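Reader: I am new to this structure and should like to understand the terms applied to it. Could the reasoning behind each be set out?

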Amino acid sequence: MVAHLREAARGHRLRPLNQAKPIRVEVDESGEPQAVVLGRERLAVAAVQDRWRIDDEWWRERPVSRLYFSLLVEDGRLVTIYQDLIGRRWVRQTY
């Protein structure tokens, strides 16, 4: 059980979790990811583990349309990225 300390929440202690980050992605002629740049390191894609698309909130001013990829990169890590199909930018999704 958590005690109620009767003090106001402090906004300066809050931080967003799992915030997506822009990423550089090299693709082939069909748009399939071939390599990603993590920090200063370029890593080739060993395999695409999964791919899915999300189209949501089409009625809003800023709808969501994304193509996700779960990638196995050459050093053995799994990396989840998506392409924002509206803004045409690549983003890394962290968990």
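Author: The following exchange takes up the sheet, its hairpins and the exposure of selected residues.

Author: This is a predicted model, in which local features need pLDDT of at least 70, side-chain atom pairs count only at pLDDT 80 or more, and totals for chains, interfaces and linings use all residues. Residues are numbered from 1 along each chain as its sequence is written, and side-chain values use heavy atoms, with hydrogens and water left out.

Reader: How do you know that E5 and E6 pair, and in which sense?

Author: Strands (E, at least two residues) are DSSP runs, numbered from the N terminus. Two strands pair if DSSP finds at least two bridges between them. Strand E5 (residues 64-73) and strand E6 (residues 78-84) have seven bridges, in the antiparallel sense, so by the definition they pair. Arg66 stands opposite Asp84 in E6, and Phe69 stands opposite Ile81 in E6. Four residues lie between the two strands in this hairpin, where Gly76 takes a positive phi near 95°.

Reader: What makes E1 and E2 edge strands?

Author: The open sheet has seven strands in the order E1-E7-E6-E5-E4-E3-E2, with antiparallel pairing. Strand E1 (21-22) and E2 each pair on one side only. For E2 (residues 24-27), the partner E3 (residues 33-38) is joined through four bridges in the antiparallel sense, with Arg24 opposite Val37 in E3.

Reader: Why is E6 called largely enclosed by the rest of the structure?

Author: Buried means under 20% relative accessible area, exposed over 50%, and partly exposed in between (1.4 Å probe, protein chains only). Six of the seven residues of E6 are buried, so E6 is largely enclosed by the rest of the structure. E6 also pairs with E7 in the antiparallel sense over five bridges, and in E7 the bridge partner of Gln83 is Trp90.

Reader: Why is Arg88 called exposed?

Author: Arg88 has 53% relative accessibility, so Arg88 counts as exposed. Arg88 is in the loop between E6 and strand E7 (89-93).

Reader: What makes the phi of Arg88 worth noting?

Author: Most residues other than glycine have a negative phi. Arg88 has a positive phi of about 60° although it is not a glycine.

Reader: Why does Glu57 count as partly exposed?

Author: Glu57 has 27% relative accessibility, and therefore counts as partly exposed. Glu57 is found in the loop between strand E4 (41-56) and E5. Glu57, too, is not a glycine, yet has a positive phi of about 55°.
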